[in-house]
Amino acid sequence: QGNNKIISNGKLIVGPDYYMAIITFFAILIPAILFYSIPIPWLISKVSTSYYAVLGVFIPLNIAVFALLFKASTSDPGIIPRNSSAPPDVNSNTISSARHPRTKEAEVNGVKIKVKYCETCRVWRPPRASHCSTCNNCVERFDHHCPYLGNCVGRRNYRAFYWFVLCVQTCAAMCIAIGIVHLVKASDYYEAKNGTDRGGFGDAMTESAAAGSLIMIVWALVGWAFTFALVAFHVFLIWTNRTTAESLKQTWEGKEPYPQKGPRNFKELLCGRKPPSRIRENYGGPPLTDQYTTIYDEAMGDAMANDPARDPARDPARDPARDPARDPARDPARDPARDPVKKPAS
């Protein structure tokens with residue numbers, strides 16, 4: 001299980017820095033409390049009850065933010081269970097002396113790529129998988145390790161991560177807008193009350209707690225700028241069918257094995273069916289060893305089946321030139337006299 005923590009018999013899986021999700025929770029909660037306690041009550045009581053409609057939008061978004069934060073930070077991102085020993089096509093006796101990283105050629109969508117063998121997890125990584133140095137596990141369609149979630153973002157929780165960031169951005173934008181409206185309306189209100197055309201802002205800061213709105217605006221502005229850049233970057237990644245890791249490392253040079261681009265990627269990634277976890281939901285025992293085997297996805301299975309560079313001599317089960325004398329069960333010239341069960345009747 002690497003550095004991940006398995007909770008409630010595998011129903012929740014968090015990274016070693018899970019406490020960062022708690023910090024993120026409070027970083028979102030503080031401006032939300034300011035929103036509920038300062039600008040909205042004042043605007044409803046002093047300006048118009050129509051601002052209740054703002055609550056009707058903000059409250060569901062706020063609930064969605066916390067639900068998605070929990071989902072993204074406690075879901076299995078797509079961890080590939082470890083093997084207790086090397087696969088048949090890897091000479092486990094010489095792993096330590098082999099050149100790293102060990103690779104083999106595979107084919108995806110007609111494009112030849114290199115798949116890597118993970119010495120830590122003892123698995124051939126499926127295409128687009130990578131080993132997270134923080135969680136110490138291989139993750140399918142690894143995007144990145146998110147320090148704000150305290151968890152990896154991969155094949156199984158990318159959707160929750162994307163919607164979480166988008167909802168945070170929307171909530172931050174609402175906090176900024178309502179905070180500015182509060183400052184403007186409160187200034188106008190106190191100017192009209194005092195019968196002057198200036199000084200209303202100072203009165204608003206002291207008498208209507210507009211200082212809290214100002215703090216909320218600054219706090220939300222920082223969050224909005226960060227999440228806006230993040231959403232824009234991931235829109236680009238989804239459109240071009242790449243992950244953060246692939247984009248930063250420029251993994252696919254020349255012809256890409258995943259050429260599909262455009263809006264269809266949004267449907268598949270954000271609205272498609274989530275693949276099942278490879279870690280049993282009722283798991284609660286020792287580290288993932290013999291009782292778990294790596295089950296490659298369809299893309300990996302096809303890729304390995306079409307691998308022209310695979311050396312059959314290193315995998316006797318697939319060796320067409322296997323010496324039948326070493327396996328009597330496969331020897332067409334087997335002497336029936338040595339096997340009374342198969343001895344022909346006289």
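In this predicted model, helix α1 passes helix α6 in a left-handed crossing. The two helices, α1 spanning residues 19–37 and α6 spanning residues 210–240, pack at an angle of about 145 degrees, and their axes lie 9 Å apart. On the α1 side, the residues that make the contact are Ala27, Ile30, Pro31, Leu34 and Phe35. They meet Gly212, Ile215, Met216 and Trp219 in α6. Sorted by class, this contact between α1 and α6 has eight nonpolar residues and one polar residue, with no charged ones.

Both helices turn up again around a pocket, the second largest in the model. Its volume comes to about 550 Å³. A total of 27 residues line this second largest pocket, and the ones nearest its centre are Ala27, Ile28, Val168, Gly223 and Thr227. Ala27 thus has two roles to note here: in α1 it takes part in the contact with α6, and it is also among the residues nearest the centre of the pocket. Four helices, α1, α3 (52–74), α4 (158–194) and α6, each supply at least two residues of the lining. The largest share comes from α6, with eight residues. As for the makeup of the lining of the second largest pocket, 23 residues are nonpolar, four are polar and none is charged. So far as charge goes, then, the helix contact has no charged residues and the pocket lining has none either.

Now for the strands. An open sheet of three strands runs in the order β3-β4-β5, with antiparallel pairing. The edges of this sheet are β3 and β5, each of which pairs on one side only.

Starting with the first pair, β3 (residues 103–108) and β4 (residues 111–118) are joined by six bridges and run antiparallel. Within this pairing, Val108 sits opposite Val111 in β4, while Glu107 has Lys112 of β4 opposite. The two strands make a hairpin with two residues between them, and Asn109 in the turn has a positive phi of about 50 degrees.

On the other side of the sheet order, β4 pairs with β5 (residues 123–124), again in the antiparallel sense, over two bridges. Here Tyr117 has Trp124 in β5 as its bridge partner. These strands form a hairpin too, this one with four residues between β4 and β5. Its turn holds Arg122, whose phi is positive at about 60 degrees.

How values were computed. Residues are numbered from 1 along each chain as its sequence is written. This is a predicted model: local features need pLDDT of at least 70, side-chain atom pairs count only at pLDDT 80 or more; totals for chains, interfaces and linings use all residues. Side-chain values use heavy atoms; hydrogens and water are left out. Axes are lines fitted to C-alpha atoms, for helices over the stretch in contact, and angles run from 0 to 180 degrees between N-to-C directions. A crossing is left-handed if the near helix is turned anticlockwise from the far one by less than a right angle, and right-handed if clockwise. Contact means heavy atoms within 4.5 Å. Ala, Val, Leu, Ile, Met, Phe, Trp, Tyr, Cys and Pro count as nonpolar, Asp, Glu, Lys and Arg as charged, and the others, Gly among them, as polar. On a 1 Å grid over the protein atoms alone, a cavity is a set of points where a 1.4 Å probe fits but cannot get out, and a pocket is an open set with protein on both sides within 12 Å along at least five of seven lines; lining residues have an atom within 4 Å of a point. Grid points are joined across faces, edges and corners, and a volume is the space filled by probe spheres set on the points. Two strands pair if DSSP finds at least two bridges between them.
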